[in-house]
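Trainee: Could you take me through one part of this structure slowly? I would like a close look at the place where the ligand sits, and then at what lies around it.

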Amino acid sequence: MSEPLTTSLPLSQKARELLRLDLPGVHLWTQRRHLLDTKDLNEEELEAVLHAARICKEMTVNGEGPQPILSTKTVANLFYENSTRTRSSFELAAKRLGATVINVDIASSSVAKGETIIDTGRTLTAMSVDCLVQRHHASGSALQITREFGDQVHVINAGDGWNAHPTQALLDYFTMWEIKGHMKGHKVAIVGDITHSRVARSNIWLLKTMGADVHIAGPPTLLPPKLEKLGVSFHTSLEPAIKDAQFVMVLRLQLERQQQGLIPSIGEYKRLYRLDHERVALAQPDAKVFHPGPMNRDIEISHALADDIDRSLVRTQVANGVAVRMAVLHLLLANRNRK
Ligand code: CP
């Protein structure tokens with residue numbers, strides 16, 4: 001692999017290890033321009049993310065300052081929809097790799113005057129931004145950007161409508177990989193509001209690629225049609241999905257959907273679908289619980305379970321989000337001259 005221009009600057013031992021990472025998947029990433037979903041990532045590309053993220057996490061654990069790996073690159077965060085975790089971790093990740101970062105404040109930008117996402121993206125690209133990290137409420141919005149001017153900029157989908165949230169699935173898988181090494185044959189339960197969840201979709205694609213046994217559960221009105229096409233087992237009650245699972249992923253109940261009458265009441269949802277210590281006892285004795293956040297405490301997950309450090313990996317997921325986003329930025333942007 002060719003060394004980037006930045007190696008003449010001082011780099012830590014771990015940063016050099018990242019640059020020297022020589023896996024088949026690393027070479028595949030150099031041919032990729034965008035990250036839109038996990039469904040178009042193969043096993044080798046996923047392995048490259050895991051190993052790159054492992055090194056990036058070690059850089060953070062060692063307390064290393066910014067490394068000049070992406071010091072010639074500019075990353076723009078374009079969050080048209082609210083975010084705490086994804087936006088902050090992309091900013092930290094880009095800065096830890098030495099990139100210049102712009103956080104566009106959508107509320108005070110020209111979007112408020114009616115500018116389209118295409119024109120906003122084009123404007124930033126004209127300023128020589130190398131990578132757009134975009135979250136938008138419309139499914140397909142990141143793909144739309146790549147079709148318009150994806151030859152001029154790298155695009156990372158940070159969540160588009162109900163469709164996909166690839167870096168969330170990557171950080172979830174990285175967290176599982178740290179514990180189990182691989183997921184072939186291991187049971188994962190994804191429970192809650194599946195229909196409206198981009199997190200569920202991206203996780204299902206990734207987990208199937210890596211050979212996991214995926215079970216989803218939720219109220220019939222919150223399970224998407226044509227589930228069999230996804231290659232997962234599905235249940236309308238929690239217990240069979242959770243039984244003997246190694247990991248249980250709880251999804252946020254999207255309270256804004258309740259006006260649509262998709263569940264009878266919050267009380268009924270809690271009674272049937274809230275994950276608590278009693279229900280998680282059906283899973284493997286060492287089973288761990290995931291939640292992508294933000295959590296509705298005591299609706300989809302009990303307060304006690306959410307804060308149980310022996311069971312809940314919520315804080316680990318957040319910490320791993322920075323390492324995984326560093327890995328993705330590195331794999332997409334390092335070792336490339338502009339355009
Ligand atoms: N998990 C997740 O996407 O969280 P944010 O909405 O806070 O980014």
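Mentor: Happy to! Keep in mind that this is a predicted model. Let us begin with the ligand itself. The residues that surround the ligand are Ser-83, Thr-84, Arg-85, Thr-86, Arg-135, His-165, Gln-168, Pro-292 and Gly-293. As for its location, the ligand sits in the largest pocket.

Now look at some individual contacts. Ser-83 brings a polar side-chain atom to 2.6 Å from an oxygen atom of the ligand. Arg-135 also uses its side chain, with a polar atom lying 2.8 Å from a ligand oxygen. Thr-84, on the other hand, takes part through its backbone: an N or O atom there lies 2.8 Å from an oxygen atom of the ligand. On its own, the ligand has 250 Å² of accessible area, and the protein covers 92% of it.

From here, follow two of the surrounding residues, Gln-168 and Pro-292. Both are touched by Gln-317, which also touches Leu-171, Asp-172, Thr-175, Phe-290 and His-291. Find Gln-317 in helix α13, which runs over residues 314-333. Is Gln-317 buried or exposed? Its relative accessible area is 2%, so Gln-317 counts as buried, because the cut-off for buried is under 20%.

Next, go back to Thr-86, another residue around the ligand. The side chain of Ser-89 reaches the backbone oxygen of Thr-86 at 3.2 Å. Ser-89 belongs to helix α4, made of residues 85-96. With a relative accessible area of 4%, Ser-89 is buried too. Further along the sequence, Ser-89 touches Gly-321, Val-322 and Arg-325. Those numbers fall within residues 314-333, the span of helix α13, so you can trace a path from helix α4 to the helix that holds Gln-317.

Gly-293, also in the ligand's surroundings, leads to a backbone detail. The peptide bond from Gly-293 to Pro-294 is cis, with omega near -5 degrees. You will find Pro-294 in the loop that joins β9 to α12 (303-306).

Strand β9 (288-290) also ends another loop, the one that starts from α11 (277-280), and Gln-284 has its place there. Gln-284 is partly exposed, at 27% relative accessible area. What does the side chain of Gln-284 reach? It reaches the backbone oxygen of Asp-244, at 3.0 Å. Besides Asp-244, the residues touched by Gln-284 include Ala-245, Gln-246 and Arg-311. For a sense of scale, compare Gln-284 with Trp-29: they are 255 residues apart along the chain, and their C-alpha atoms are separated by 35 Å.

Asp-244 deserves a look of its own. Although Asp-244 is not a glycine, it has a positive phi of about 65 degrees. Its home is the loop between α9 (238-242) and β8 (247-250), and a relative accessible area of 40% makes Asp-244 partly exposed.

Finally, Ser-128 has a positive phi as well, about 70 degrees, and it is not a glycine either. Ser-128 lies in the loop between α5 (117-126) and β3 (131-136). That strand brings you back to the ligand, since Arg-135 falls within 131-136 and is one of the residues around the ligand. Ser-128 itself is partly exposed, with a relative accessible area of 37%.

Notes
Residues numbered from 1 in each chain as written. Predicted model: local features only at pLDDT ≥ 70, side-chain atom pairs only at ≥ 80, totals over all residues. Heavy atoms only, no water. Helix = DSSP H or I, 4+ residues; strand = E, 2+ residues; numbered from the N terminus. Buried < 20%, exposed > 50% of the residue type's maximum accessible area, 1.4 Å probe, protein only. Contact = heavy atoms within 4.5 Å. Near = heavy atom within 4 Å. Polar contact = N/O pair within 3.5 Å; in protein donor to acceptor, adjacent residues only side chain to side chain. Areas by Shrake-Rupley, 256 points an atom, 1.4 Å probe, with all protein chains shown as cover. 1 Å grid on protein atoms, 1.4 Å probe; cavity = no way out; pocket = protein on both sides within 12 Å on 5 of 7 lines; lining within 4 Å. Sits in = over half its atoms within 2 Å of the grid points. Lists of a residue's contacts leave out its neighbours within four places in sequence.
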